[in-house]
Amino acid sequence: MMPNYVEVAPSTAFAIVNAGLFLAVGLLSGLWKFAQMWTSPKGEAHPYLDIAHRASLMYGFACITLAVLSKFSVFPSNQNFIAAALAIAFFWLAVGSYLLQAILQGPANQMAQPHRMGRMPMPRGGLMAFMLALVAAELGGALFLLWGALQNPLLQFWSN
């Protein structure tokens, strides 16, 4: 007997798959973090490994939230996919930059001047442009999906 599968929109499926991937990265970076803590005289891991570990786990839950919002959004499927994909792409870019800082043994605070990725200098303007794009993509994608879900009569508990 074949199981009954529930059909989901591409944006919902994309967000769910990425939630699982973030969970896996969070768990694996947790192992790496433990190994660094175990071998460190101070019992500490690189600050950006710690950040990557925690951010991966939190972004996994954020992806589940985006999946639910996209499931209930009344906006067209392709628009929901773009909104979810933009937010999730910047989630990955953030975690990737944290992991890269840990691999390169970069500074404990990449926002401190001079900005560096590992030992390589980063242009202040480039970092600002990236941060503005990150805010626009993550906040814009999430708010778009939230607005679409709020238009769904199934979620309008206040109108009954």
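Student: Which residues form one aromatic cluster with F22?

Tutor: Before we look, note that this is a predicted model, in which local features need pLDDT of at least 70 and side-chain atom pairs count only at pLDDT 80 or more, while totals for chains, interfaces and linings use all residues. Residues are numbered from 1 along each chain as its sequence is written, and side-chain values use heavy atoms, with hydrogens and water left out. Rings of Phe, Tyr and Trp (its six-membered ring) pair if their centres lie within 6.5 Å; planes under 30 degrees apart count as stacked, over 60 as edge-to-face and the rest as tilted. With that rule, the partners of F22 in the cluster are Y59, F91 and W92.

Student: How many aromatic pairs are there, and what is the angle between the planes of F22 and F91?

Tutor: The ring rule gives a count of nine aromatic pairs. One of them joins F22 and F91, with 6.4 Å from centre to centre in an edge-to-face arrangement, and the angle between the planes is 65°.

Student: How many residues apart are F22 and F91?

Tutor: Helices here are DSSP runs of H or I with at least four residues, strands are runs of E with at least two, and both are numbered from the N terminus. F22 sits in helix α1 and F91 in helix α3, so distant parts of the chain are linked by a pair whose separation in sequence is 69 residues.

Student: Are F22 and F91 buried or exposed?

Tutor: Buried means under 20% relative accessible area, exposed means over 50%, and partly exposed is in between (1.4 Å probe, protein chains only). On that scale, F22 and F91 are both buried.

Student: Is the pair of F90 and F130 stacked, edge-to-face or tilted?

Tutor: The ring centres of F90 and F130 are 5.7 Å apart. F90 belongs to helix α3 and F130 to helix α4 (residues 124-150), 40 residues apart. F90 is buried at 14% relative accessible area, whereas F130 is partly exposed at 28%. The planes meet at 40°, so the pair is tilted.

Student: Which residues are linked in a network of salt bridges?

Tutor: A salt bridge is a side-chain nitrogen of Lys or Arg within 4 Å of a carboxyl oxygen of Asp or Glu, and a search of the whole structure finds two. K33 meets D50 at 2.4 Å, N to O, and R54 meets D50 at 3.1 Å, N to O. The network therefore consists of K33, D50 and R54.

Student: How many residues apart in sequence are the parts that K33 and D50 tie together?

Tutor: The salt bridge of K33 and D50 runs from helix α1 (residues 10-39) to helix α2 (residues 47-72), so the parts it ties together are 17 residues apart.
By way of contrast in setting, R54 and D50 both lie in helix α2, about one helical turn from each other. K33 is buried at 13% relative accessible area, and R54 is partly exposed at 48%. For K33 and D50, the answer is 17 residues.

Student: How are α2 and α3 oriented to each other, roughly antiparallel or roughly parallel?

Tutor: Two packed helices are described by the angle between their axes and the distance between the axes. Axes are lines fitted to C-alpha atoms, for helices over the stretch in contact (heavy atoms within 4.5 Å), with angles from 0 to 180 degrees between N-to-C directions; those of α2 and α3 come within 9 Å and cross at roughly 170°. The contact includes A52, S56 and Y59 of α2 and F91, V95 and Y98 of α3. Angles under 35 degrees count as roughly parallel, over 145 as roughly antiparallel, 65 to 115 as roughly perpendicular and the rest as oblique, so α2 and α3 are roughly antiparallel.

Student: How far apart in space are N18 and S56?

Tutor: N18 is in helix α1 and is buried at 6% relative accessibility; S56 lies in helix α2 and is buried at 0%. Leaving aside neighbours within four places in sequence, N18 is in contact with C63, I88 and W92, and S56 with F22, V25, G26 and V95. N18 and S56 are 38 residues apart in sequence, and their C-alpha to C-alpha distance is 10 Å.

Student: How far apart are the end C-alpha atoms of helix α3?

Tutor: The expected span of a helix is 1.5 Å times one less than its number of residues. For the 27 residues of α3 (residues 77-103) that gives 39 Å, which agrees with the distance in the model, 38 Å.
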